[in-house]
Amino acid sequence: QVQPVESGGGLVQAGGSLRLSCAASGRTFRNYGMGWFRQAPGKEREFVAAINWSGGTTYYADSVKGRFTISRDNAKNTVYLQMSSLKSEDTAVYYCAATTTGFAYTSGGMYNYWGQGTQVTVSS
């Protein structure tokens, strides 16, 4: 029903900004809840941010609150993660996930579909 594809990853200096995009297939994209997760080398996957179908509900991990912003443009079938004030500890592979329930969840197990991931490297 949906195939998320992430883009926008790359190398950035500490303190800099980067915007990730997640494009998803499906004519009912506007009904999907979306989430961003990340996995650093040697660590477990962790929640980053989530947004519900309308964009009216968002959640953020404490580690990124105030620095990252999740948003969506349903007309473009795209979800964004705007990252600012980046730190070296933000270095990870970032994954986009979708759920057909339409709600925003902080647990990865609640999402049905996952993208391939995009690498974000923050140099210090």
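These are my notebook entries on what I looked up in this structure, which is a predicted model.

**Entry: the disulfide**

I began with the cysteines, and the count of disulfides came to 1. It joins Cys22 to Cys96, with a distance of 2.0 Å from S to S. I then looked up where the two partners sit, and found Cys22 in strand β3 (residues 18-23) and Cys96 in strand β9 (residues 92-99), so that the pair links distant parts of the chain, 74 residues apart. For the handedness I looked up the torsion about the S-S bond of Cys22 and Cys96, which is about -80°, and therefore I noted the disulfide as left-handed. Are the two cysteines buried or exposed? Cys22 is buried, and Cys96 is buried as well.

**Entry: strand β8 and its partners**

Next I followed strand β8 (residues 78-83). This strand is mostly covered, since 5 of its 6 residues are buried. I looked up which strands it is joined to, and one of them is β3, which runs antiparallel to β8 and is joined to it by 6 bridges. To have one pair that I could find by eye, I noted that Arg19 has Gln82 in β8 as its bridge partner. Strand β7 is also joined to β8 by 6 bridges, and these two strands run antiparallel. Here the pair I wrote down is Ser71 with its bridge partner Tyr80 in β8. Between β7 and β8 there are 4 residues, and the two strands form a hairpin. In the turn of that hairpin I noted Asn77, which has a positive phi of about 50°.

**Entry: the salt bridges**

How many salt bridges does the count give? The count comes to 4. I looked up several of them in turn, starting with Glu46 and Arg38, whose closest N and O atoms are 2.7 Å apart. The two partners differ in how they are covered: Glu46 is partly exposed, with a relative accessible area of 30%, whereas Arg38 is buried, with a relative accessible area of 4%.

A further salt bridge brings together the side chains of Asp62 and Lys65, at 3.3 Å from N to O. Asp62 has a relative accessibility of 66%, so I noted this residue as exposed.

I then turned to Arg67 and Asp90, whose side chains meet in a salt bridge at 2.8 Å, N to O. Arg67 lies in the loop between β6 (58-60) and β7, while Asp90 lies in the loop between β8 and β9, so this pair ties together parts that are 23 residues apart in sequence. Arg67 is buried, with a relative accessible area of 12%, and Asp90 is buried too, with a relative accessible area of 1%. Looking at the partners together, I found that Arg38, Glu46, Arg67 and Asp90 are joined into one network by salt bridges that share partners.

**Entry: Arg38 up close**

I went back to Arg38, which lies in strand β4 (residues 33-39). Its relative accessibility is 4%, so it counts as buried. What polar contacts does the side chain of Arg38 make with the side chain of Asp90? I found one of 2.9 Å. Another polar contact, of 2.7 Å, joins the side chains of Arg38 and Glu46. Leaving aside residues up to four places away in sequence, Arg38 touches a list of residues, among them Glu44, Val48, Phe68, Ala92 and Tyr94.

**Entry: Arg72, a charge without a salt bridge**

My last residue was Arg72, which is found in strand β7 (residues 68-73). Which side chain of opposite charge is nearest to Arg72? It is Asp73, at 8.3 Å, and Arg72 has no salt bridge although it is buried. I recalled the cut-off here: a salt bridge needs a side-chain nitrogen of Lys or Arg within 4 Å of a carboxyl oxygen of Asp or Glu.

I therefore asked what else the Arg72 side chain meets, and found that it reaches the backbone oxygen of Phe29 at 3.1 Å. It also makes a polar contact of 2.7 Å with the side chain of Asn74. Not counting residues up to four places away in sequence, Arg72 touches several others, including Tyr32, Met34, Ile51, Trp53, Thr78 and Val79.

Notes: Residues are numbered from 1 along each chain as its sequence is written. This is a predicted model: local features need pLDDT of at least 70, side-chain atom pairs count only at pLDDT 80 or more; totals for chains, interfaces and linings use all residues. Side-chain values use heavy atoms; hydrogens and water are left out. Buried means under 20% relative accessible area, exposed over 50%, partly exposed in between (1.4 Å probe, protein chains only). Lys and Arg count as positive and Asp and Glu as negative; His and the chain ends are not counted. A polar contact is a pair of N or O atoms within 3.5 Å; within protein, one must be able to donate a hydrogen and the other to accept it, and residues adjacent in sequence count only if both atoms are side-chain atoms. Contact means heavy atoms within 4.5 Å. A disulfide is a pair of cysteine sulfur atoms within 2.5 Å. Two strands pair if DSSP finds at least two bridges between them.
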